[in-house]
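Here is a protein chain to explore at your own pace. Take a look at it first, and then we'll walk through how its parts fit together.

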Amino acid sequence: MARTKEFDPDAALQSALELFWERGYEATSMADLTGHLGIGRASLYATFGGKHELFIKALDRYRENTDAKLLAELSQPGAALPTVRAVVRRFADEAVLESRHRGCLITNTATELAARDPDAARRVRASWDTLETLTAGALARAQAQGELAPEKDPRAIARLLLTVMQGMRVIGKAGDDPQRITDAARLALSLLD
């Protein structure tokens, strides 16, 4: 007879996500995970696989949550340009606070693992592709509604904004001068005028 799980796998996954987000992949040991999740090593392996598989599942959960938020923000009806501006400003505000917080799990993964972990790199690229596509879509709507000049290239602007937003997050994690972040956001947003 199979044993029933004595823990909630969904809650354990969320707890693992929080731990990886706080510490990073390399700095989180299996002992940290079993202690934080309150489950045994055998249960962790049986439910999620190893540390890497659990991390990838946690990264997927994070992406689902952040992508859904971006979709809701950037595809709402009405004027699109103010929404794009608000998203860029939110990224800048979050980046300024990141020196005291854990930052963005996607950006953290890009800087820690993407160069040597194909699974992580695929998820980072997918997240950035989603942000770029949603931003380009909102900018195309803005252009169709007369909010953005017809000679502007929505896809190229979206790529630039993606690069600036991710760069702001990296600088924010380093706890560097917040003025760099606010200046970058302001200049990037000036392209929308």
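Are α6 and α8 roughly parallel or roughly perpendicular to each other? Keep in mind that this is a predicted model, so everything below describes a prediction. Helix α6 covers residues 105–112 and helix α8 covers residues 154–173, and they pack at an angle of about 80°. An angle from 65 to 115 degrees counts as roughly perpendicular, so α6 and α8 are roughly perpendicular to each other.

**The overall picture**

Let's zoom out for a moment. The chain has nine helices and zero strands, so to speak a run of α-α-α-α-α-α-α-α-α when you read along the sequence. Its C-alpha atoms fill a box of roughly 65 × 40 × 25 Å along the principal axes. There are 193 residues in the chain, and 45% of them count as buried. The accessible surface comes to about 9,900 Å², with 55% of that belonging to carbon and sulfur atoms. If you take the contacts in the chain with a separation of 6 or more, 67% of them are between residues 24 or more positions apart.

**Two helix pairs**

Two packed helices are described by the angle between their axes and the distance between the axes. Here are two pairs set out that way:

| Helix pair | Angle | Axis distance |
|---|---|---|
| α6 (residues 105–112) and α8 (residues 154–173) | about 80° | 10 Å |
| α2 (residues 30–37) and α3 (residues 41–48) | about 95° | 10 Å |

With that angle, α2 is roughly perpendicular to α3. On the α2 side, the contact is made by Met30, Ala31, Leu33, Thr34 and Leu37, and on the α3 side by Arg41, Leu44 and Tyr45. Sorted by type, the residues of this contact of α2 with α3 are six nonpolar, one polar and one charged.

Now back to α6 and α8. Here Thr107, Asn108 and Thr111 of α6 meet Gln166, Arg169, Val170 and Lys173 of α8. The residues of the contact of α6 with α8 divide into one nonpolar, four polar and two charged.

**The nonpolar cores**

In soluble globular proteins, nonpolar side chains tend to be buried together. In this model, the largest nonpolar core holds 29 residues, and the members touching the most other members are Leu139, Leu161, Met165, Met168 and Leu192. The elements giving two or more residues to this core are α4 (51–74), α5 (81–97), α7 (118–144), α8 and α9 (178–190). There is also a second, separate core of 28 residues, which includes Ala16, Leu54, Leu59 and Tyr62.

What does leucine 192 touch, leaving aside its neighbours within four places in sequence? It is in contact with Leu81, Val84, Arg85, Leu139, Leu148 and Ile157.

**Two residues to find**

Try picking out serine 127, which lies in helix α7. Is serine 127 buried or exposed? Its relative accessibility is 8%, and because buried means under 20%, serine 127 counts as buried. Leaving aside neighbours within four places in sequence, serine 127 is in contact with Arg63, Asp67 and Ile106.

Then look for aspartate 93 in helix α5. Its relative accessible area is 52%, and since exposed means over 50%, aspartate 93 is exposed. Asparagine 108 is 15 residues from aspartate 93 along the chain, and their C-alpha atoms are separated by 17 Å. You have already met Asn108, one of the α6 residues in the contact with α8.

Terms used
Residues are numbered from 1 along each chain as its sequence is written. This is a predicted model: local features need pLDDT of at least 70, side-chain atom pairs count only at pLDDT 80 or more; totals for chains, interfaces and linings use all residues. Side-chain values use heavy atoms; hydrogens and water are left out. Axes are lines fitted to C-alpha atoms, for helices over the stretch in contact, and angles run from 0 to 180 degrees between N-to-C directions. Helices (H or I, at least four residues) and strands (E, at least two) are DSSP runs, numbered from the N terminus. Angles under 35 degrees count as roughly parallel, over 145 as roughly antiparallel, 65 to 115 as roughly perpendicular and the rest as oblique. Contact means heavy atoms within 4.5 Å. Ala, Val, Leu, Ile, Met, Phe, Trp, Tyr, Cys and Pro count as nonpolar, Asp, Glu, Lys and Arg as charged, and the others, Gly among them, as polar. A nonpolar core is a set of buried Ala, Val, Leu, Ile, Met, Phe, Trp, Tyr and Cys residues joined through side-chain atoms within 4.5 Å. Buried means under 20% relative accessible area, exposed over 50%, partly exposed in between (1.4 Å probe, protein chains only). Accessible areas come from the Shrake-Rupley method with a 1.4 Å probe; for residues, only the protein chains shown count as cover.
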